[in-house]
Amino acid sequence: MAEPNVAQKAPYKVDVVAGKAYFWCACGQSKNQPFCDGSHKGTEFSPVKYEAMDTKSVFFCGCKHTAGRPMCDGSHKKL
């Protein structure tokens, strides 16, 4: 299995809106981090859909190694 690129060793704080869908970049190559811009095409990676249940701030994983995709679980501290 291919390793994703580490976009940054910290989470991305994003203000999400209830009812809206977001597509998290899993490959780490997107120029629109933490969201997918299609850079994964031709790889084994696919974006991960996140649907906001509430309007609030959330923390999307920046290192792309989280076990709780797409949210940060602190995995960047071990890289």
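**Exercise 1. With which residues is His 76 in contact, leaving aside its neighbours within four places in sequence?**

Before we start, a word on the model: this is a predicted one, where local features need pLDDT of at least 70, side-chain atom pairs count only at pLDDT 80 or more, and totals for chains, interfaces and linings use all residues. Residues are numbered from 1 along each chain as its sequence is written, and side-chain values use heavy atoms, with hydrogens and water left out.

Step 1. Find His 76 in the segment after β4. Strands (E, at least two residues) and helices (H or I, at least four) are DSSP runs, numbered from the N terminus.

Step 2. Apply the cut-off: contact means heavy atoms within 4.5 Å.

Step 3. Read off the partners of His 76: Lys 9, Ala 10, Pro 11 and Cys 63.

Step 4. Check the burial of His 76: with a relative accessible area of 15%, His 76 is buried. Buried means under 20% relative accessible area, exposed over 50%, and partly exposed in between (1.4 Å probe, protein chains only).

**Exercise 2. Follow Lys 9 to its partners.**

Step 1. Look for Lys 9 in the segment before β1.

Step 2. Leaving aside neighbours within four places in sequence, list the contacts of Lys 9: His 76 and Leu 79.

Step 3. Compare chain and space: Lys 9 and Leu 79 are 70 residues apart along the chain, while their C-alpha atoms are separated by 7.9 Å.

**Exercise 3. Describe the overall fold.**

Step 1. Count the elements: there are four strands and zero helices.

Step 2. Write the order along the sequence, β-β-β-β.

Step 3. Judge the packing: the radius of gyration is 12 Å, close to the 12 Å that the globule rule gives for 79 residues, so the protein is as compact as a globular protein of that length. Here the radius is taken over C-alpha atoms, and the rule is 2.2 Å times the number of residues to the power 0.38.

**Exercise 4. Build up the largest nonpolar core.**

Step 1. Recall the term: a nonpolar core is a set of buried Ala, Val, Leu, Ile, Met, Phe, Trp, Tyr and Cys residues joined through side-chain atoms within 4.5 Å.

Step 2. Size it: the largest one has 17 residues, and Val 14, Val 16, Tyr 22, Trp 24, Tyr 50 and Phe 60 have the most contacts inside it.

Step 3. Trace its sources: β1 (12-16), β2 (21-24), β3 (48-51) and β4 (56-60) each supply at least two residues. The largest share, three residues, comes from β1.

Step 4. Zoom in on Trp 24: beyond four places in sequence, its contacts include Pro 34, Val 48, Phe 60 and Arg 69.
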